[in-house]
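Subject: Structure handover

Hello,

Here is the structure I promised to pass on. Please open it and keep it on screen while you read my notes.

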Amino acid sequence: MTEKSELIARAQEVMRRNDRGHYTVPTHGLYPFQWNWDSALSALGFSHFDEARAWTEIDTLFAHQWEDGMVPHIIFHEQDDGYFPGPEVWATGRETPTTGITQPPVAGFAMHRLFERAKDKTLAEKHARALLPRVHAWHEWFFRCRDPQGTGLVAVIHPWETGRDNSVDWDAAFERVPTDGVQPFTRRDTQHANPAHRPTDEQYKRYIYLVQLFRSLGWDNSKLHDASPFQMVDPGFNAILARSCHDLADQADTLDEPAIAARSRAFATKATAAMDTLWSDVHGQHLCLDRTTNTLTDSPSIGGILTVFAPIHSTRARALKERIETLSTSCEYLVPSHDPTTPEFDGLRYWRGPVWLIVNYMIADGLERAGQTEMAERIMADCLRLIHESGFAEYYDPITAEGCGGGHFTWTAAMVIEILRTHEVMA
Ligand code: GLC
C-alpha cells in the first residue's frame with residue numbers, strides 16, 4: 001500500500017466506525033447523535049467509496065426537516081444519557097426528537113458536489129431531484145425567519161448555530177445574555193474531553209438560557225429572531241449560505257427547475273453583495289455584525305476568512321489570501337480559528353484558536369475557485385501534516401499540532417479522503 005492509500009484506508013475506517021447505517025455520529029461518546037453540517041460534509045468523504053451511502057447521509061438529515069423549512073442542528077436518533085442538553089431540555093415535540101436551532105447550511109453545496117462527481121448518474125439524479133426543493137425550502141426559511149428586514153444577510157440566534165460554539169466573536173454580545181432563571185444542570189462534554197479544551201461553565205449557562213427562552217416561545221420561528229438577545233450576523237455562516245444558494249441554482253438549472261434556479265441565484269447575489277458591508281480594512285478580513293447593537297465586532301476570527309467560500313469578488317479573495325499569509329507568520333499550521341497575535345487566542349480551546357479541517361477545506365475550496373491555488377494547496381498540505389502528527393482529532397493546536405477534543409472524528413476523516421482523492425497534495 002502506498003502512503004496515500006494507507007491514509008485513505010485509515011480515514012475510511014474512522015468513518016465506518018462512526019457509521020450508524022443511515023447517519024454517522026461525529027464521534028463516539030462526546031457526540032452520539034446526528035449533527036447537521038457534520039453530516040453534509042461527511043457525505044463528501046463517503047462519496048469516494050460509497051455513493052449510495054453518501055446520499056443516505058443527506059437524505060436522513062432532510063427527513064427530519066421541520067414543516068417551516070428549518071433543518072435542525074441535532075437529530076436525536078437514539079437515547080443517550082452521555083450528552084447534555086438532551087431532547088428533554090429542548091422539548092421541541094418532534095416525533096424523532098431534534099434540537100430547535102439550525103447549523104451552517106452547507107448541504108446545498110455538498111449535494112451539488114456529490115451530483116457533479118457521481119459515477120452513478122441515475123442514482124444521483126433521483127436523490128438530487130428529491131432533495132432540491134427541500135434544500136431550497138431551508139434557504140427560504142433562512143431569509144424569511146432570520147432576515148426579517150430583508151438585508152440579504154441572516155442572523156444566528158444561538159452560538160451553536162454558527163458551528164463555532166465558543167468563538168471570541170460572541171464574547172461581547174454574549175455578555176448581554178442573562179443567566180438568571182437557568183435551571184441547574186450537569187455538563188456531560190467535560191466528562192468526555194479535557195475541560196481546558198471546552199467552553200467555560202459561564203458560557204454554558206448562557207447557552208442554556210437561550211434554549212429555555214426559545215422553548216418558552218414554543219419554538220415558533222416567526223418569533224425567535226426578534227425575541228433573542230443574541231442576534232449575530234456571522235460572515236462565515238452567510239458565506240456558506242450564499243455558496244449553497246449559488247450551487248443550488250446551478251443544480252436547479254441542471255435539473256430543469258427554473259423557478260428554484262432564479263430564486264437561489266437572487267439570494268446568492270444579494271447575500272454576496274451585502275457581505276461587503278462586513279469588510280474591515282483594519283483587519284483585512286470580514287467581521288461579525290452584532291445585529292442588536294448594529295456594530296461590527298472587533299474580533300479577527302476565521303468566520304471572516306471563510307467568506308472566501310462564497311462567490312465573492314476576486315479582489316476580496318486576494319486580500320483574504322494575504323490575510324492568511326499574515327496569520328501564517330504567527331502559527332505553524334494554517335488556518336487558526338482565531339488570530340494568534342490577539343490576547344484572546346487560545347490554541348487548545350475549541351474555536352478560540354485551534355485549526356479545524358472542515359473550515360480549512362472550505363477556505364481552500366474558495367481560494368481555488370478564485371484562482372489562489374498556491375495558498376489552497378498550502379492549507380490542504382497543512383491538514384495532512386496535522387493528521388500525520390496527531391491522527392484524526394476533532395481539532396488541532398495551530399502551533400504545536402496537538403490533537404484536541406474528541407478522537408476518531410468523522411468529518412476530519414472525511415476531509416482527508418476528500419483532499420487526497422481530489423488533489424495531489426502530500427504532507
Ligand atoms: C461542536 C462543534 C460543531 C459540531 C459539533 C459536532 O459542537 O462546535 O461545529 O457540529 O461539535 O461535531
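One term comes up straight away: a crossing is left-handed if the near helix is turned anticlockwise from the far one by less than a right angle. Helix 2 passes helix 15 in just such a left-handed crossing. Bear in mind that this is a predicted model.

**Helix 2 and helix 15**

Start with the geometry. Helix 15 covers residues 357–369, and the angle between helix 2 and helix 15 is about 65°. Their axes lie 12 Å apart. Which residues make the contact? Helix 2 supplies Trp37, Leu41 and Leu44. Helix 15 supplies Ile358, Tyr361 and Met362. By type, this contact has six nonpolar residues, no polar ones and no charged ones.

**Helix 2 and helix 17**

Helix 2 runs over residues 36–46, and helix 17 over residues 410–422. They pack at an angle of about 35°, and 7 Å separates their axes. This crossing is left-handed. On the helix 2 side, look for Trp37, Asp38, Leu41, Ser42, Leu44 and Gly45. They meet Thr410, Trp411, Ala414, Met415, Ile417 and Glu418 of helix 17. Here the contact residues split into seven nonpolar, three polar and two charged.

**The ligand**

Trp37 turns up again here. It is one of the residues around the ligand, and so are Asp38 and Trp411. The others in that list are Pro26, Tyr31, Trp35, Gln103, Gly163, Asp165, Tyr350, Trp351 and Phe409. Now find the polar atoms. A polar side-chain atom of Trp37 sits 3.1 Å from a ligand oxygen atom. For Gln103, an N or O atom of the side chain is 2.9 Å from an oxygen atom of the ligand. Gly163 uses its backbone: a polar atom there is 2.6 Å from a ligand oxygen atom. How much of the ligand does the protein bury? Taken alone, the ligand exposes 310 Å², and the protein buries 97% of that.

**Helix 6 and helix 13**

Next, move to another helix pair. Helix 6 spans residues 121–145, and helix 13 spans residues 258–275. Their packing angle is about 40°, with the axes 11 Å apart. The crossing of helix 6 and helix 13 is left-handed. Helix 6 brings Leu132, Pro133, His136, His139, Glu140 and Phe143 to the contact. Helix 13 brings Ile260, Arg263, Ser264 and Phe267. The contact residues divide into five nonpolar, three polar and two charged.

**Backbone oddities**

Some background first. Most residues other than glycine have a negative phi, and most peptide bonds are trans. Where should you look for exceptions? Try these places.

- The peptide bond from Phe84 to Pro85 is cis, with omega near 0°. Pro85 is in the loop between strand 2 (74–75) and helix 4 (87–90).
- The peptide bond from Leu334 to Val335 is also cis, with omega near -5°. Val335 belongs to the loop between helix 14 (314–327) and helix 15.
- Asp256 is not a glycine, yet its phi is positive, at about 60°. Find Asp256 in the loop between helix 12 (235–254) and helix 13.

Best wishes

Key
Residues are numbered from 1 along each chain as its sequence is written. This is a predicted model: local features need pLDDT of at least 70, side-chain atom pairs count only at pLDDT 80 or more; totals for chains, interfaces and linings use all residues. Side-chain values use heavy atoms; hydrogens and water are left out. Axes are lines fitted to C-alpha atoms, for helices over the stretch in contact, and angles run from 0 to 180 degrees between N-to-C directions. Helices (H or I, at least four residues) and strands (E, at least two) are DSSP runs, numbered from the N terminus. Contact means heavy atoms within 4.5 Å. Ala, Val, Leu, Ile, Met, Phe, Trp, Tyr, Cys and Pro count as nonpolar, Asp, Glu, Lys and Arg as charged, and the others, Gly among them, as polar. A residue is near a molecule or strand if one of its heavy atoms lies within 4 Å of it. A polar contact is a pair of N or O atoms within 3.5 Å; within protein, one must be able to donate a hydrogen and the other to accept it, and residues adjacent in sequence count only if both atoms are side-chain atoms. Accessible areas come from the Shrake-Rupley method with a 1.4 Å probe; for residues, only the protein chains shown count as cover.
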